[in-house]
Amino acid sequence: MALPLPHSRGIHSFGRGTVRICRRGTGNDIVVVALWRPRVKNAVNDDMYLDMIDILAQSSHDSSITAIVLTGAESYFSSGADLKDGNFESEDGRGRDTLHRPAGRFMMALLAFPKVIVAAVQGPAVGIGFTLLLHCDLCLCTEQATFWAPFTRIALVPELCSSATFIETIGLSKANELLLLGKKIDAKTALDWNICSQIVGGCDQSGNPFHENSLASVACQQLDRHLLSLPLGGKTSQVFVRMMRGKRRERMERLCRAELVELDRRFDSGECLEASLKLQLGGSSRGKL
């Protein structure tokens with residue numbers, strides 16, 4: 001499925017139905033992407049990864065698009081990877097090879113995305129819903145947002161370069177509070193720790209990500225007002241992305257691959273399944289990270 005045409009401002013279900021999208025901005029050059037699995041708190045399954053890969057690829061090559069604003073439907077930004085989506089065992093017994101699965105392909109596509117991407121975090125961001133934020137050019141949140149990377153609960157490892165991005169953003173000790181100890185933080189702490197750039201108050205709380213006063217809409221308005229309304233603002237933004245994010249791309253890609261190798265080792269050894277089963281016996285597992 002193709003992205004909406006430049007003149008379209010309607011809301012569309014995209015691809016496999018895990019996201020909904022629309023055009024916004026004065027020039028209709030911003031694509032708002034809402035994660036749309038509200039029944040499972042926008043947990044990311046293979047279909048959602050594939051839909052996001054398609055959106056990133058099409059947006060990269062569409063000259064009418066200058067930015068993506070990523071948000072979630074209803075109360076959650078994302079509850080993380082859906083571990084009920086067949087993620088504990090390899091399909092052929094030869095190992096997981098996550099790099100070439102939808103999750104790994106999405107990570108590499110995000111690292112390579114050449115245009116502005118903004119996260120509008122209107123609720124809890126868990127697991128990959130948290131780690132992807134450190135690869136966004138801007139991150140806005142509401143007071144309802146929380147941030148949690150509970151990888152150690154089921155013997156997972158840092159992913160999407162979080163073994164480096166967290167340290168570079170907040171230092172080793174605070175990074176280990178989040179990654180090693182699995183500490184959940186609120187919006188004020190995320191702001192203080194430079195994980196998000198601002199907390200936006202007064203946003204619509206209906207759960208409709210396309211409401212005219214939703215956090216995603218506020219993000220679009222800010223992009224329009226401060227960047228895209230400028231002469232050649234869209235082209236200038238791509239130069240800045242290339243200079244500020246592009247120069248670290250090769251290093252991030254190497255790190256992401258290395259993290260996925262370690263993740264595969266833990267899955268293939270049965271350690272993640274063992275930890276998950278023990279957590280379920282304790283009544284604490286929710287099936288998503």
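These are my notebook entries on cores, strand pairing and helix packing in a predicted model.

**Entry 1: nonpolar cores**

I started with the largest nonpolar core, which has 70 residues. I asked which members touch the most other members. They are Val 121, Leu 133 and Phe 147. I then listed the contacts of Leu 133, leaving out residues up to four places away in sequence. Leu 133 touches Phe 77, Ala 119, Val 121, Ala 125, Cys 139 and Phe 147. Another core, of 21 residues, lies apart from the largest one. Its members include Val 32, Val 118, Leu 140 and Val 218. I noted the general background: in soluble globular proteins, nonpolar side chains tend to be buried together.

**Entry 2: strands 5, 7 and 10**

Next I looked up the partners of strand 7, residues 138–141. Strand 5, residues 116–121, pairs with strand 7 in the parallel sense over 4 bridges. Here Val 118 stands opposite Leu 138. I had already met Val 118 in the 21-residue core. Strand 7 is also joined to strand 10, residues 198–199, by 2 bridges. Strands 7 and 10 run parallel. Leu 140 of strand 7 has Gln 198 of strand 10 opposite. Leu 140, like Val 118, is listed in the 21-residue core.

**Entry 3: the open sheet**

I checked the strand order of the open sheet and found 6-8-9, with mixed pairing. Which strands sit at the edges? They are strand 6 (125–126) and strand 9 (185–186), each pairing on one side only. Strand 6 pairs with strand 8, residues 146–148, in the parallel sense over 2 bridges. The bridge partner of Ala 125 is Phe 147 in strand 8. Both Ala 125 and Phe 147 also touch Leu 133.

**Entry 4: helices 1 and 2**

I turned to helix 1 (residues 46–61) and helix 2 (residues 102–112). Their axes are 9 Å apart, at an angle of about 25 degrees. Angles under 35 degrees count as roughly parallel, so helix 1 and helix 2 are roughly parallel to each other. Their crossing is left-handed. On the helix 1 side the contact includes Tyr 49, Ile 53 and Leu 56. On the helix 2 side I noted, among others, Arg 105, Phe 106 and Leu 110.

**Entry 5: helices 4 and 5**

Last came helix 4 (residues 162–170) and helix 5 (residues 172–179). Their axes come within 7 Å and cross at roughly 130 degrees. Helix 4 and helix 5 are therefore oblique to each other. This crossing is right-handed. Ser 162, Phe 166, Ile 167 and Ile 170 in helix 4 meet helix 5 residues including Leu 172, Lys 174 and Leu 178.

Key
Residues numbered from 1 in each chain as written. Predicted model: local features only at pLDDT ≥ 70, side-chain atom pairs only at ≥ 80, totals over all residues. Heavy atoms only, no water. Core = buried A, V, L, I, M, F, W, Y, C linked by side-chain atoms within 4.5 Å. Buried < 20%, exposed > 50% of the residue type's maximum accessible area, 1.4 Å probe, protein only. Contact = heavy atoms within 4.5 Å. Pairing = 2+ DSSP bridges. Axes fitted to C-alpha atoms, helices over the stretch in contact; angles between N-to-C directions. Parallel < 35°, antiparallel > 145°, perpendicular 65-115°, else oblique. Left-handed = near helix turned anticlockwise from the far one by under 90°.
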